[in-house]
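Here's a protein model to explore together. Have a look at the sequence and the 3D picture, and then we'll walk through a few parts of it.

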Amino acid sequence: MMKSVRVVVVGAGVIGFSTAVCIVEALPFCSVTLMADKFSPNTTSDGAAGILFAAQFPDIPLQRQKHWFKDSFDHLLAIAQSQCAPEAGVMLSSGWQIFKEVPAVKKPFWSEFVIGFRLMTDVELKRFPDHKFGQAFTTLKCECSTYLPWLEKRFRKAGGQVEQRKVNNLQELSNSFDIIVNCSGLGSKALVGDTQVYPVRGQVLKVEAPWVQHFIRDGDGTTYIYPGIRSVTIGGTRQEGDWRLQVDDRDTKGILERCSRLEPSLNKAKILSEWVGLRPSRKNPRVEREVVELQGRPVPVVHNYGHGGWGVTLAWGTALDTLGLVKQSLHEMAPQPKL
Ligand SMILES: Cc1cc2nc3c(=O)[nH]c(=O)nc-3n(C[C@H](O)[C@H](O)[C@H](O)COP(=O)(O)OP(=O)(O)OC[C@H]3O[C@@H](n4cnc5c(N)ncnc54)[C@H](O)[C@@H]3O)c2cc1C
Ligand SMILES: O=C([O-])CC(=O)C(=O)O
């Protein structure tokens with residue numbers, strides 16, 4: 001069959017690949033190209049802890065955020081429970097989120113989608129003497145350095161094409177493509193001139209501690225311990241507006257101190273690696289469609305970026321929304337019957 005509509009997805013992080021897979025699998029009459037300057041293992045997504053839970057964005061309807069979370073959770077849960085789990089890098093993960101003060105919202109909006117959400121008992125909290133309140137639940141961990149190559153294989157198998165290239169502006173794409181999908185994360189600052197997107201620097205370490213089997217996260221977001229398939233990710237930092245990609249030894253020291261306070265046995269763990277990533281942050285993620293005049297012709301541009309610290313969590317859900325926006329564009333491009 002002739003592939004008549006040419007779609008380009010810019011970005012090879014978890015948002016770009018999730019979106020590209022959703023489009024290529026749902027719209028076989030489109031030719032889909034994924035284009036990016038950096039691929040796994042060199043994207044921000046590659047170093048993310050990849051745990052699924054989220055903060056609430058201020059201006060996106062709660063119902064939409066619930067959909068994003070649930071669609072992503074159900075998609076990754078099906079993978080975690082299938083034979084593909086090890087090659088996709090997705091696993092179930094149980095543990096605790098603990099708080100020094102009782103939070104205003106005791107049950108976050110996603111509590112109905114994770115497995116077995118409950119408040120911790122006093123006996124469980126005894127282990128964390130600085131903390132007064134906690135939530136226990138089972139969620140998922142999606143390790144992007146494994147998941148991205150797996151998604152790329154799935155994308156190519158469905159007929160998708162991949163090109164390594166830096167896109168300097170959208171005009172460059174308008175002769176070769178009919179629809180542009182922008183999943184360029186922090187790159188959107190330069191690519192589409194979005195002044196609302198900014199970096200929040202995060203440093204994490206990977207340590208060898210196979211005896212640590214449960215995640216522990218301080219609800220203030222400063223400190224976390226996430227056991228993974230081959231190592232435990234411990235963190236973190238949240239430095240707004242900080243573009244430094246180098247490892248900072250003071251951050252390493254702080255992470256080790258804070259994490260060892262929550263899990264003293266980590267003092268004995270061997271450090272395997274240190275990593276810094278810049279979260280593509282925005283007050284609200286931008287998942288929307290516009291029509292832009294490029295080289296004298298209107299071109300549909302669908303945006304999906306700005307997920308901050310929750311891109312792995314929301315990737316599949318926002319990718320499905322983006323697919324819906326691409327379908328709307330196709331509908332508008334179709335020749336209208338003459339009356
Ligand atoms: C320390 C840390 C821990 C984290 N932990 C978690 C977690 O536990 N759970 C969670 O949900 N999230 C977590 N995150 C957040 C998560 O990493 C991000 O939300 C997610 O990776 C964003 O994905 P992305 O695809 O938008 O961006 P990226 O992974 O940065 O990908 C952007 C892509 O766009 C391409 N690109 C950009 N500009 C251009 C251009 N002009 N031309 C061509 N290509 C371009 C890049 O090359 C790249 O391929 C964490 C982040 C950090 C830093
Ligand atoms: O906050 C967390 O638990 C992990 C995360 O998403 C991040 O560091 O961005």
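Which residues in α1 meet which residues in α10? From α1 they are V14, I15, S18, T19, C22, I23 and A26, and from α10 they are G311, V312, A315, W316, T318, A319, L320, T322, L323 and V326. Here "contact" means that two C-beta atoms, placed from the backbone, lie within 7 Å. By class, this contact has 12 nonpolar, five polar and no charged residues. (Ala, Val, Leu, Ile, Met, Phe, Trp, Tyr, Cys and Pro count as nonpolar, Asp, Glu, Lys and Arg as charged, and the others, Gly among them, as polar.)

Before going on, a word on the ground rules. This is a predicted model, where local features need pLDDT of at least 70 and side-chain atom pairs count only at pLDDT 80 or more, while totals for chains, interfaces and linings use all residues. Residues are numbered from 1 along each chain as its sequence is written, with chains lettered from A and ligands numbered from 1 in the order in which they are written.

Back to the two helices. Two packed helices are described by the angle between their axes and the distance between the axes. Helix α1 covers residues 14-26 and helix α10 residues 311-333; their axes are 8 Å apart and the angle is about 40°. (Axes are lines fitted to C-alpha atoms over the stretch in contact, and angles run from 0 to 180 degrees between N-to-C directions; helices are DSSP runs of H or I with at least four residues, and strands are runs of E with at least two, numbered from the N terminus.) That makes α1 oblique to α10, since angles under 35 degrees count as roughly parallel, over 145 as roughly antiparallel, 65 to 115 as roughly perpendicular and the rest as oblique.

Now for some single residues. A residue is buried if 20 or more other C-beta atoms lie within 10 Å of its own, exposed if 12 or fewer, and partly exposed in between.

| Residue | Place | Other C-beta atoms within 10 Å | Class |
|---|---|---|---|
| G308 | loop between β15 and α10 | 20 | buried |
| G309 | loop between β15 and α10 | 19 | partly exposed |
| S72 | helix α3 | 27 | buried |

UniProt, in an unreviewed entry, lists G308 and G309 among its "binding site" residues; such annotations may be inferred rather than shown by experiment. Leaving aside residues up to four places away in sequence, G309 touches V200 and R279, and G308 touches V200, R279, P280, S281 and R282. With neighbours within four places left out, S72 is in contact with residues including T313, A315 and W316.
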